[in-house]
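Where are the pockets in this protein, and what lines them? Please look at the model below before reading on.

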Amino acid sequence: MKTYDGPVSDHFDGLHFFDPDGAPPKSLGEVLRWQFGGRRQRAVWPEWAPSPYADTPPPRVDGDKVRLCFVGHASWLIQTAGLNILVDPVWSMRASPFGFAGPKRHNDPGIAFEKLPRIDVVLVSHGHYDHLDVATLSKLTAAFAPRVITPLGNDVTMRASDAAIKAEAFDWHQRVELGGGVAVTLVPTRHWSARGLFDRNKALWASFVLETPAGKLYIVCDSGYGDGRHFRRVAEAHGPLRLAILPIGAYEPRWFMQDQHMNPEDAVQALADCGATQALAHHHGTFQLTDEAIDAPAIALGEALDAARVPREKFVTLKPGQVFEI
């Protein structure tokens with residue numbers, strides 16, 4: 001497997017990327033302990049949990065508005081300033097290297113692929129299969145030939161699968177002009193990356209700060225909380241933030257997941273740390289990656305907001321196909 005080859009930096013040692021303020025991924029032994037340990041309590045999800053919503057987006061959204069449609073899991077369509085931007089698009093049935101095994105969808109994407117408007121830009125946060133889906137990227141490339149903006153090394157993965165994918169790779173803190181006054185900056189996030197057993201952290205991972213006419217959107221596709229410094233640093237460097245998209249799912253058991261995935265209580269604290277005016281929840285309810293029930297993240301988010309005395313309308317959970325506008 002070809003991997004990234006570049007200069008050593010404060011978060012790349014010449015072979016592996018690392019987060020100086022993060023935590024390394026769990027060992028294979030710890031993975032086996034979680035998966036096959038005798039005390040595992042894995043909730044049973046319904047075989048199919050359809051959303052009552054399905055979106056047909058407009059061709060474009062102009063002016064100073066932003067239209068966000070939740071496609072499902074960590075996938076979004078963001079329309080603003082005449083641009084159509086997809087985040088971590090996954091239309092495949094499984095988030096897996098295999099078509100016959102691995103986490104399977106429990107609902108359809110909130111937008112049918114054939115109802116997508118012309119896509120200009122795709123943001124891909126990192127290489128995990130529930131975020132980087134080469135089958136969907138190839139389909140988007142054949143239909144629209146969009147720019148694909150991604151952290152260092154993930155372009156190698158994409159082009160190894162399909163040389164036509166127009167992947168552009170960037171480091172943390174790099175800012176990319178997208179057109180129409182819209183730009184995106186890749187920022188550090190507390191996570192890791194891999195596609196197989198032997199390529200851990202050989203590609204970089206990131207969150208995004210998207211500059212729009214309605215303000216800055218902080219898009220956290222996957223992250224642990226840690227001590228919150230990643231979120232506070234984004235507030236300091238990029239604030240004020242109009243909206244944050246924060247993950248609330250895939251968090252049980254905590255001994256295994258807490259370094260890399262936030263739970264709803266963490267996400268509420270992350271919102272306070274980054275200072276965004278509004279938040280939307282994601283990374284839940286489509287693929288069963290961990291042990292909590294399908295509705296547990298949304299229920300726990302409401303409880304965490306109440307405990308923190310934050311109005312529930314400030315941090316909204318959507319179903320696939322639902323739309324939020326600012």
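This report covers two pockets and then one helix.

**Pockets**

The model is predicted. The table sets out its largest pocket and its second largest pocket.

| Pocket | Volume | Lining residues | Nonpolar | Polar | Charged |
|---|---|---|---|---|---|
| Largest | about 1,200 Å³ | 34 residues | 17 residues | ten residues | seven residues |
| Second largest | about 270 Å³ | 16 residues | eight residues | six residues | two residues |

Start with the largest pocket. Of its lining residues, Val 31, Trp 34, Gln 35, His 128 and Trp 192 lie nearest the centre. Two elements give two or more residues to this lining: helix 1 (28–36) and helix 5 (254–257). Helix 1 supplies the largest share, six residues.

Now the second largest pocket. Nearest its centre lie His 284, Gly 285, Ile 294, Lys 319 and Pro 320. Its lining includes two charged residues.

**Helix 6**

Is helix 6 largely enclosed or left open by the rest of the structure? Helix 6 spans residues 264–274, and eight of its eleven residues are buried, so the rest of the structure largely encloses it. Buried here means under 20% relative accessible area. The buried nonpolar names are Pro 264, Ala 267, Val 268, Ala 270, Leu 271 and Cys 274. Asp 266 and Asp 273 are buried too, and Asp counts as charged.

What follows the helix? Gly 275 comes just after helix 6 and takes a positive phi of about 75°.

Notes
Residues numbered from 1 in each chain as written. Predicted model: local features only at pLDDT ≥ 70, side-chain atom pairs only at ≥ 80, totals over all residues. Heavy atoms only, no water. 1 Å grid on protein atoms, 1.4 Å probe; cavity = no way out; pocket = protein on both sides within 12 Å on 5 of 7 lines; lining within 4 Å. Points joined across faces, edges and corners; volume = space filled by probe spheres on them. Helix = DSSP H or I, 4+ residues; strand = E, 2+ residues; numbered from the N terminus. Buried < 20%, exposed > 50% of the residue type's maximum accessible area, 1.4 Å probe, protein only.
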